[in-house]
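This note is addressed to a colleague who is meeting the structure for the first time. It proceeds in numbered points, each of which may be checked against the display below.

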Amino acid sequence: MIASATRVDAAWAVLQAVPDPEVPAVSVCELGIVRAVIEHDDGLEIVLTPTYSGCPATEAIAHDVLAALDAAGLGPARTTLRRAPAWSSDWISDAGRAKLKAYGIAPPAHLGADGAVPIRLFGRIAGERIACPRCDSPRTERLSAFGSTACKALYRCLACREPFEHFKPI
């Protein structure tokens with residue numbers, strides 16, 4: 001039998017390779033969705049916090065996490081959803097942010113110390129710039145508040161003319 005600390009470490013290593021089903025360039029760990037791996041007498045518990053409570057990928061993530069652990073011989077395992085505290089885009093790792101950008105998605109800015117994000121119904125805040133992930137130009141415009149998923153917005157770069165998504169800070 002694998003020692004508890006070793007088994008937990010091995011599980012974290014396996015989970016680092018489980019891609020997010022909606023943004024496969026980053027892992028569920030790099031997005032900050034996996035919050036904890038806990039060893040119990042009857043197996044591992046993987047604590048997941050979805051990016052938002054209605055995220056349609058939550059079931060797919062739980063399935064992929066359990067399948068990866070089973071394939072690595074680390075079962076039995078179960079997932080637990082923990083919705084509080086709510087997921088924050090600040091939980092995305094630096095490696096995850098770099099991978100988002102390389103994939104063509106502008107990563108979210110870090111939140112302020114208080115974690116507050118102003119709600120914007122129209123337009124953009126004066127001076128706010130979302131740099132193009134392809135050419136780094138700050139000359140961009142928002143086309144839609146929503147992209148392929150609710151956690152992203154659709155932008156266009158005015159320099160290279162390419163559309164791109166921006167992962168919203170939450």
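1. Across which strands does α2 lie, and at about what angle does α2 run to β3? Helix α2 lies across β2 and β3, and its direction makes an angle of about 155 degrees with that of β3. As with every statement in this note, this one refers to a predicted model.

2. Overall composition. The chain contains three helices and seven strands. Taken in sequence order, these elements follow the pattern α-β-β-α-β-α-β-β-β-β. The chain has 170 residues, of which 37% count as buried. Its accessible surface comes to about 8,900 Å², and carbon and sulfur atoms account for 57% of that area. Among contacts with a separation of 6 or more, 50% are between residues 24 or more positions apart.

3. The three-stranded sheet. One open sheet is built from three strands in the order β1-β2-β3, with mixed pairing. Its edge strands are β1 and β3 (77-81), each of which pairs on one side only. On average, neighbouring strands of this sheet are turned by 20 degrees against each other, direction ignored. Strands β2 and β3 run parallel and are joined by five bridges. One of the residues to inspect here is L48, whose bridge partner in β3 is L81.

4. Residue L48. This residue belongs to strand β2 (residues 43-48). Is L48 buried or exposed? With a relative accessible area of 2%, L48 is buried, since the cut-off for that class is under 20%. Leaving out residues up to four places away in sequence, L48 touches I33, V34, I61, A62, V65, T79, T80, L81 and R82. L48 and A36 are 12 residues apart in sequence, and their C-alpha atoms are 7.4 Å apart in space.

5. The nonpolar cores. In soluble globular proteins, nonpolar side chains tend to be buried together. The largest nonpolar core here has 29 residues, and those touching the most other members are L15, V34, V37, I46, L48, V65 and F167. At least two residues of this core come from each of α1 (4-15), β1 (34-40), β2 and α2 (58-71). Helix α2 supplies the largest share, five residues. Another core, of seven residues, lies apart from it and includes A106, C132, A153 and Y155. To return to the largest core, V34 is in contact with W12, L15, V28, C29, I46, V47 and L48, when its neighbours within four places in sequence are left aside.

6. The four-stranded sheet. A further open sheet has the strand order β4-β7-β6-β5, again with mixed pairing. Why is one side of β4 and of β5 (140-144) left without a neighbour in the sheet? Both strands stand at the edges and have a single partner strand each, so one side of each remains unpaired.

7. Pairing within that sheet. Strands β4 and β7 pair in the parallel sense over two bridges, and the partner of I105 in β7 is E165. Strands β6 and β7 run antiparallel and are joined by five bridges; here A153 stands opposite H166. The hairpin of β6 and β7 has five residues between the strands, and R161 in this hairpin takes a positive phi near 70 degrees. Four bridges join β5 to β6 (residues 152-157), which also run antiparallel, with T140 opposite C157. Strand β7 is mostly covered, four of its five residues being buried.

8. Helix α3. Which residues of α3 (residues 94-103) are buried? They are G96, R97 and L100. These residues lie on the same side of α3, because they cover an arc of only 100 degrees around the axis. An α-helix has 3.6 residues a turn, so residues three or four places apart point the same way. On the other side of α3, D94 and A102 are exposed. The buried residues of α3 pack against β4 (105-106) and β7 (163-167). After the helix comes G104, whose phi is positive, near 100 degrees.

Methods: Residues numbered from 1 in each chain as written. Predicted model: local features only at pLDDT ≥ 70, side-chain atom pairs only at ≥ 80, totals over all residues. Heavy atoms only, no water. Buried < 20%, exposed > 50% of the residue type's maximum accessible area, 1.4 Å probe, protein only. Arc of directions from axis to C-beta. Contact = heavy atoms within 4.5 Å. Pairing = 2+ DSSP bridges. Areas by Shrake-Rupley, 256 points an atom, 1.4 Å probe, with all protein chains shown as cover. Core = buried A, V, L, I, M, F, W, Y, C linked by side-chain atoms within 4.5 Å. Axes fitted to C-alpha atoms, helices over the stretch in contact; angles between N-to-C directions.
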